[in-house]
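The exercises below ask for a careful reading of backbone geometry, packing and contacts, each followed by a worked solution. Please attempt each task before reading on.

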Amino acid sequence: MTPNYGWGLPVQASTFAPNIDFGIWVIHVAMFAIFILWSIFFVYLLIRYRRKPGVAADHGEGHPLKSLIPDFFVLAFEIALIAFYAIPGWSRIKMTTPPAQEANVVEMVAEQFAWDFQYPGADGKFGRRDAKFMDSANPLGLDPQDSAGRDDVVSINELHVPLGKPTVIYMTSKDVIHSFFIPEFRVKQDAVPGMRIPVWFEPTKAGTYELACAQLCGVDHSMMRGDVVVQTPKEYEAWLKSQTPQNADNPAAKPPENPANEF
Amino acid sequence: MNSNAHASRHEASFWSRYVFSLDHKVIGLQYLFTSMFFLLSGFGMIMLLRWQLAFPGHPVPLVGGLISRLLPADWAPGGVLTPQFYNQLGAMHGTIMVFLGIVPLGVGAFGNYILPLQIGAPDMAFPRLNMMSYWLYLPGGLLMLASFLLPGGAAQSGWTSYVPLSIINPGQTVWLLAMVIIITSSLLGAVNFITTTLNMRAPGMTLGRMPVFVWSELVTAVLLLLAFPPLEAASILQLMDRVAGTSFYLPTGLVVAGQALKASGGGQPILWQHLFWFLAHPEVYVLILPAMGVVAEIIANGTRKPLFGYKEIVGSMIFIGGMSFVVWAHHMFLSGMTPALGNFFLVTTMIISVPSVAVLTCLIWSLKGGSIRFTTPMLFALAFLPLFGIGGLTGLPLGLTVTDIYLHDTYYVIGHFHYVVVTGTIIALMGGTYYWFPKWFGKRLNDFWGKVHFWGTVACMNGVFFPMFIQGLAGVQRRLYDPTAQLHNLTTQPMNVVSSFSAWLLFLFQIPFLVNIFYTIFKGERCEENPWEATTLEWACASPPPHGNFDKPPRVHRGPYEYSAPGARKDWIAQNAPEAA
């Protein structure tokens, strides 16, 4: 996995990664140019106007308009960045979410210190969850009574996604705020308890990527990591089938033909 | 008459003279030494923490045995920091540096001492309130520091104290109590600064003749006055969530470590972030504006010419002050707040960068046509310009929504704000210390050791913070106890070693500074009254000034920076000199 990471930005592995990197590059080139130009001017001033015997300083205030020139350039550069880069990019990446029928949809509950994923299974429907069902065997709190959840697959700290279409993850947290961060995808979004927040990405390369927590979440914050496995659609389907749904052997999850069962 | 009243009351036992003093100068020095103590303790914490970052899991050398014996057994067994202790050090470093170190130094110490002198006032408008500010700050700060002694230790949820983590973590109750006390202290100070500046100016000291430093403190005081109350209220709400079972910030259905949390629910975690950053962004300008003021004073004096664009600098500062109230949520682009709001805060953030560029431009332009004297304070003021420039420039990719997706919560952020606050504010305030030391003690700091301190400090600070940009671009997140637990952090791990060694070396370079200060106070020789040949009013009285400051109230005849006026006998004319000599 390490070849993905080096001294600069990590490998790009999602559709919007090149878009984000473009901005990072443009800004750094501009920053570097501004800094070098200012520094040359600064050093020139220091040498040219150092104290010399018999030469008095110039009392004149100079023309104030001259100092507005750099302000003007900075403002123009920033307006261009806002109008042609930030607002279009932000609306594509964060303000819109791909429609459910075109995307692979996953639910996620973060906790100290793990990522719990729920896949809808063959029926395409997510089973109900409730905090009252949460325990170590059922970290997501799937409702054992809900037939929609009977075929739902659960994975902990390992997210499988198919290539070729966007994945949308609806995120929440059961305890504190966590932040979902996959460096190669340039994706980051906080998972907040009490909220259901979508995050999406479309991977462009098969492989295994690191999923890290970017928001201080407690003692083992630095240990809170997982793997994102990007597979071809075929491999992905095969993986899903190979997983045993959490409630598969739970008689309660069968349709309510067993009225004696009181949960 | 006010000043005479104190003077007679001030028959000065040791206690009323040095401890419970009403004199702004004594209170200023109290703030100076107290904030230096807190700055050193916050620095000590980060030097310890940086060992774990550079060499995760290895016992701390030199002090490892000591801390494992002194601290509770499960904090640093065998001299290896545990994550609990690591998180305490991180949270307390940030809190102490910002709220107990830099703000009290820039405002409490420099503002208190210099501002009344620069406007020709005998004291602050409310001397008792001034004393009370200090006497809330000191116990509030000691309470904060003492929270390490609690069972479970000090706060460990970051200086930002994001809920719900802060509500379930140990140490937070005392953090909140101490914050409420410290904020109250700042509010009293802010009222005092504003009243003093507006009402206590000497005859002839119009607003347009006030030195830039006075303007910077005035704008800062307005920011403190308007931004701190929301955080004080927010802290009290968080305190209620912890101790009184309310749920202002806790949503329904939290399950912590497998147990349902006993809370009424219905609250909203993001509310805390809004209230916190509504203070904490203006707070950034509270940290930087006085520094800009100090740099402007030193540059005008060191170039021997009037500042370029006085009106533009002052106008920019006022504009920055106003705008700083509408940029706070650029800290929250990824917090889960509706992304549409991101566009608004993106635009305001880009707008506020323009006046900051304007101030920097004017300060650089001020060098043109000067007769630059490379004195020790001038070296610090000059170093501020490019280094603060790096801090400002690197704010750009963080303020821009799209690039912030990747850089948010990485080391890039830490590098950025430390360039602003350390190589910006601290460098400027160190320069201010060299500049005004003759005013405070009538003695000049040693020049040779000042230059050693300067070059060592500037080199080491860059060594600490520049590697953080490299780490941030590689995606290394902040606040990791063990960065090597994650693959994407491994390549750039050597940068942590570079940063840490630079930090320890930086500490060594502060020793000549501290020795210089105390040696000069006790053993130094008296220098002339106005060693920098400066024009502003603080030099129109004795050094250190007597109680009541001026023998007779000064009368101001001109603007603050009358250097190198054509036809004048010498290259400076004091603001209170009757006519151009």
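A residue is buried if 20 or more other C-beta atoms lie within 10 Å of its own, exposed if 12 or fewer, and partly exposed in between, with C-beta atoms placed from the backbone. This is a predicted model, in which local features need pLDDT of at least 70 and side-chain atom pairs count only at pLDDT 80 or more, whereas totals for chains, interfaces and linings use all residues. Residues are numbered from 1 along each chain as its sequence is written, and chains are lettered from A and ligands numbered from 1 in the order in which they are written.

**Exercise 1. Unusual backbone values in chain B**

Task: Decide whether Ser564(B) is buried or exposed, and do likewise for Leu62(B).

Solution. Begin with the backbone: Ser564(B) has a positive phi of about 55 degrees although it is not a glycine, and this residue lies in the segment after helix 18 of chain B; helices (H or I, at least four residues) and strands (E, at least two) are DSSP runs, numbered from the N terminus. Next, count neighbours: Ser564(B) has 22 C-beta neighbours inside 10 Å, and therefore counts as buried. Leu62(B) also carries a positive phi, near 60 degrees, without being a glycine, and its place is the loop between helix 3 (24-54) and helix 4 (64-70) of chain B. Because Leu62(B) has 10 other C-beta atoms within 10 Å, this residue is exposed.

Task: Which peptide bond leading into Pro164(B) is cis, and where is Pro164(B) found?

Solution. The bond runs from Val163(B) to Pro164(B) and has omega near -5 degrees, and Pro164(B) is found in the loop between helix 6 (127-146) and helix 7 (165-168) of chain B. A cis bond also joins Ser543(B) to Pro544(B), with omega near -10 degrees, and Pro544(B) lies in the segment after helix 18 (493-523) of chain B.

**Exercise 2. A sheet in chain A**

Task: What is the strand order of the open sheet of 5 strands in chain A, and why do strand 4 and strand 7 each have one side without a neighbour?

Solution. The order is 4-10-9-6-7, with mixed pairing, where two strands pair if DSSP finds at least two bridges between them. Strand 4 (158-162) and strand 7 (187-191) of chain A stand at the edges and have a single partner strand each, so one side of each is left without a neighbour in the sheet. From one strand to the next, the twist averages 25 degrees.

Inside the sheet, strand 6 (residues 178-182) and strand 9 (residues 207-213) of chain A run antiparallel and are joined by 2 bridges, and Phe181(A) stands opposite Ala212(A) in strand 9 of chain A. Helix 3 (residues 233-242) of chain A packs on the sheet, where it touches strand 4 and strand 10 (225-231) of chain A, and its direction makes about 135 degrees with that of strand 4 of chain A. Contact here is judged by C-beta atoms, placed from the backbone, that lie within 7 Å, and axes are lines fitted to C-alpha atoms, for helices over the stretch in contact, with angles from 0 to 180 degrees between N-to-C directions.

Task: Which residues does His178(A) touch, not counting residues up to four places away in sequence?

Solution. His178(A) is found in strand 6 of chain A and is buried, with 32 other C-beta atoms within 10 Å. The residues touched are Ala110(A), Ser173(A), Ala191(A), Cys213(A), Gln215(A) and Cys217(A), not counting residues up to four places away in sequence. For Cys217(A), which is 39 residues from His178(A) along the chain, the C-alpha atoms of the two are separated by 6.0 Å.

**Exercise 3. Two helices and two chains**

Task: How is helix 16 of chain B oriented relative to helix 17 of chain B?

Solution. Helix 16 (residues 411-441) of chain B and helix 17 of chain B pack at an angle of about 170 degrees, with their axes 7 Å apart. That makes the pair, helix 16 and helix 17 of chain B, roughly antiparallel, since angles under 35 degrees count as roughly parallel, over 145 as roughly antiparallel, 65 to 115 as roughly perpendicular and the rest as oblique.

Task: How many residues does each chain give to the contact between chain B and chain A?

Solution. Chain B gives 89 residues and chain A gives 82 residues. Helix 12 of chain B gives the most to the side of chain B that touches chain A, with 15 residues.

Definitions and conventions
Contact = placed C-beta atoms within 7 Å.
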